[in-house]
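User: Please take a close look at the salt bridges in this model. Which side chains pair up, and how buried or exposed are they?

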Amino acid sequence: MNRDHSSHDRDDTPPTLAGPTQITVDGIEGNVARIELPDGTTADWDLASLPRGVREGDVVRLHVEHGDLEIEIDHAATTRRRTAAQSQLDAMNRAAPTGEIDL
């Protein structure tokens, strides 16, 4: 599944994992999910290969147990990530100028 963002091919081969891995769903378009991998690169995966109900911004945990790949949404990590992103956005907005902007 480790494909470069620039590739338009999709690879449905389960990843080779040395331990639990977290990925982030960067975007969903049709039946394709853009995934941010742990190394910061992105790949396009079939949406059907992810847990049902996955949404943009969800953190998904992958774990191989006895040769079986387990994939689940990590709701706690997703909430922490969304809270941190909202905090950053709020901080940026507090620094924004108020009033009319002359163009």
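Analyst: Asp74 counts as buried, at 10% relative accessibility. The cut-off for buried is under 20%. This is a predicted model.

Asp74 forms a salt bridge with Arg61. Their closest N and O atoms are 3.6 Å apart. The pair links distant parts of the chain. Asp74 sits in the loop between strand 5 and helix 1, while Arg61 belongs to strand 4. They are 13 residues apart.

Arg61 has a second partner, Glu72. Here the N to O distance is 3.1 Å. Glu72 lies in strand 5 (residues 68-73), 11 residues from Arg61 in strand 4. Both side chains of this bridge are partly exposed: Glu72 at 41% relative accessibility, Arg61 at 30%. Shared partners join Arg61, Glu72 and Asp74 into one network.

Now the pair at helix 1. Asp58 and Arg82 form a salt bridge, with the closest N and O atoms 3.4 Å apart. Asp58 is in the loop between strand 3 (42-46) and strand 4 (59-65), and Arg82 is in helix 1 (residues 75-94), so the bridge ties together parts that are 24 residues apart in sequence. Asp58 is buried because its relative accessibility is 5%, under the 20% cut-off. Arg82 is partly exposed, with a relative accessible area of 31%.

The structure holds 4 salt bridges. Those described here include Asp58 with Arg82, Glu72 with Arg61 and Asp74 with Arg61. As for the general basis, side chains of opposite charge can pair when their charged atoms come close.

Definitions and conventions: Residues are numbered from 1 along each chain as its sequence is written. This is a predicted model: local features need pLDDT of at least 70, side-chain atom pairs count only at pLDDT 80 or more; totals for chains, interfaces and linings use all residues. Side-chain values use heavy atoms; hydrogens and water are left out. Helices (H or I, at least four residues) and strands (E, at least two) are DSSP runs, numbered from the N terminus. Buried means under 20% relative accessible area, exposed over 50%, partly exposed in between (1.4 Å probe, protein chains only).
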